[in-house]
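Hi,

Here is the structure I promised to pass along. Have a look at it first, and then read on for what turned up.

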Amino acid sequence: MTKPPRKTSQPLLRETEAPARSRPRRPRDPAQPQLPFDSMPARIEPCLALLKAKLPIGPQWAFEVKWDGYRLAVHIEPKGVRIITRGGDDWADRFPTIVASAKELNVGTAILDGEAVVLDAQGRSDFAALYWSLGGRGGKSPSHEAIFCAFDLLYFDGHDLTRMEQAGRRHLLEDLLGESQDAIRLSQEAEADGETFLRAAREHGLKGIIAKHRDKPYRSGRLGDWLTIKCIQSDSFFIVGYDPSTSARGGIGSLLLAARRGEELVYVGSVETGFNKRDLFNLRKMLDKLKTKRAPVAVKGHNIVFAQPTLIAEIDYHAWTEDGKLRHATYRGLREVQDNAAIYEIGE
């Protein structure tokens with residue numbers, strides 16, 4: 001028997017029913033005492049979710065959708081808006097609609113943590129659609145389709161919130177964003193227990209869910225305060241070559257993939273589905289520029305074209321075979337270097 005749905009977070013205590021909103025900062029009156037403010041950090045390393053096979057149990061855990069896009073931090077400052085990638089690059093010029101929505105928020109300074117996504121007709125995040133909306137790998141096209149799903153608030157009106165517990169940061173984020181349907185939207189917290197939510201995520205074809213400990217501060221790195229439970233296995237791998245084909249579009253029969261094991265690369269199989277015509281021709285063009293006679297991994301085969309391990313592919317798969325290869329792999333798209341995607345690590 002599942003427990004009843006959790007009530008949505010209530011607004012912070014205040015005298016009126018109006019939602020809490022901050023106002024753009026005004027010049028300080030010299031006659032008034034200087035209030036203490038925390039300086040706004042140029043960048044905060046993100047809190048990353050630790051992969052777990054089982055759901056955590058207990059009322060201290062909150063659950064959200066696992067979005068499939070680019071992890072970003074939106075910095076709202078008096079001088080403008082910056083959109084910072086995991087690698088530290090400013091992508092404000094690539095997400096003009098998100099920048100415009102950030103400027104409309106009634107706040108002087110803030111740092112929003114979240115994910116840029118493009119939604120499909122069913123409201124699910126589609127990484128391939130986001131990738132191509134930005135012009136593909138290395139493309140400079142601005143995405144007008146992308147929205148920002150905000151799931152944390154790290155800095156607010158001159159105050160560093162990273163030391164506050166997750167539940168308190170969530171209250172402030174909900175009050176700030178409300179029910180906005182603009183290019184910046186609140187990543188909704190589940191109103192059901194984890195098992196019910198995970199079952200619904202699987203039925204709707206979602207990538208997975210995220211569990212967050214309500215009592216923890218915001219800590220950078222993968223420390224277990226946030227957990228990810230996947231419906232579909234999806235990870236990042238190096239493309240280390242391709243198997244040429246005279247019949248396949250673009251001349252690529254399959255892509256060769258590699259994971260990390262310490263300082264070495266290990267061959268983990270190939271992928272031959274999930275491509276469209278544009279994918280294959282672009283991949284062939286990029287891989288031919290990365291050709292190398294020295295095999296980056298140990299793999300048997302004839303006529304294989306090896307490539308320097310530079311391109312990073314996002315791959316969906318069902319499981320691992322006994323000999324350490326991906327089972328039923330599907331290509332989803334390329335990761336940008338600035339996205340700082342973590343290459344799959346094989347345990348010793």
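A quick word on terms before we start: when I say that two parts are in contact or pack together, I mean that heavy atoms come within 4.5 Å of each other. Please also keep in mind that this is a predicted model.

**Overall**

The protein has 348 residues, and 48% of them are buried. Its secondary structure amounts to five helices and 18 strands. If you take the contacts between residues at least 6 apart in sequence, 70% of them link residues at least 24 apart. On the outside, about 18,200 Å² is exposed, with carbon and sulfur atoms contributing 50% of that area.

**Helix 4 and the sheet beside it**

This is the part I would look at first. Helix 4 spans residues 194–203, and its buried residues are Gly194, Phe197, Leu198 and Ala201. They all sit on the same side of helix 4, because they cover an arc of only 100° around the axis. That fits a general rule: an α-helix has 3.6 residues a turn, so residues three or four places apart point the same way.

What do the buried residues of helix 4 pack against? Their partners are strand 2, strand 9 and strand 10, the last of these being residues 226–230. These three strands belong to an open sheet of four, ordered 1-10-9-2, with mixed pairing. Strand 1 (50–51) and strand 2 (61–65) are at the edges, each pairing on one side only. Strand 2 runs antiparallel to strand 9 (residues 208–213), and five bridges connect them. If you want a place to start tracing, find Trp61, which sits opposite His213 of strand 9.

Both ends of helix 4 have something to show. At its start, a side-chain oxygen of Asp193 comes within 3.1 Å of the backbone nitrogen of Glu195. Just past the helix, Gly205 has a positive phi of about 70°.

**Gln166, a buried polar residue**

Gln166 is part of helix 3, which covers residues 166–177. Is Gln166 buried or exposed? Its relative accessibility is 2%, under the 20% cut-off, so Gln166 counts as buried. Leaving out residues up to four places away in sequence, Gln166 touches Glu64, Glu189, Lys212, His213, Arg214 and Lys216. You have already met His213, the residue opposite Trp61.

**Val74**

Another covered spot is Val74, in strand 3 (residues 70–77). Val74 is buried, at 0% relative accessibility. Apart from neighbours within four places in sequence, its contacts include Val81, Ile83, Ile98, Leu112 and Phe148. Thr85 lies eleven residues from Val74 in sequence, and their C-alpha atoms are 9.2 Å apart.

**Strands 11, 12 and 13**

Strand 12 (residues 252–261) is mostly covered, with seven of its ten residues buried. Strand 11 (residues 233–244) runs antiparallel to strand 12, and six bridges join the two. Here Gly241 stands opposite Leu256 of strand 12. Strand 13 (residues 264–271) is also antiparallel to strand 12, through seven bridges, and one pair to look for is Arg260 with Leu265 in strand 13. Strands 12 and 13 make a hairpin with two residues between them, and in the turn Gly262 has a positive phi of about 65°.

**Two unusual loop residues**

Which residues have a positive phi although they are not glycines? Two that came up are Asp157, at about 50°, and His328, at about 55°. Asp157 is in the loop between strand 6 (147–156) and strand 7 (159–160). His328 is in the loop between strand 17 (326–327) and strand 18 (330–335). His328 counts as exposed, with 54% relative accessibility.

**Cysteines**

How many disulfides does the structure hold? The number is zero. Two of the cysteines are worth finding anyway: Cys47 is buried at 2% relative accessibility, and Cys149 is buried at 3%.

That's the tour. Happy to go through any of it with you.

Cheers

Terms used
Residues are numbered from 1 along each chain as its sequence is written. This is a predicted model: local features need pLDDT of at least 70, side-chain atom pairs count only at pLDDT 80 or more; totals for chains, interfaces and linings use all residues. Side-chain values use heavy atoms; hydrogens and water are left out. Two strands pair if DSSP finds at least two bridges between them. Buried means under 20% relative accessible area, exposed over 50%, partly exposed in between (1.4 Å probe, protein chains only). Accessible areas come from the Shrake-Rupley method with a 1.4 Å probe; for residues, only the protein chains shown count as cover. The arc is that of the directions from the helix axis to the C-beta atoms. A polar contact is a pair of N or O atoms within 3.5 Å; within protein, one must be able to donate a hydrogen and the other to accept it, and residues adjacent in sequence count only if both atoms are side-chain atoms. A disulfide is a pair of cysteine sulfur atoms within 2.5 Å.
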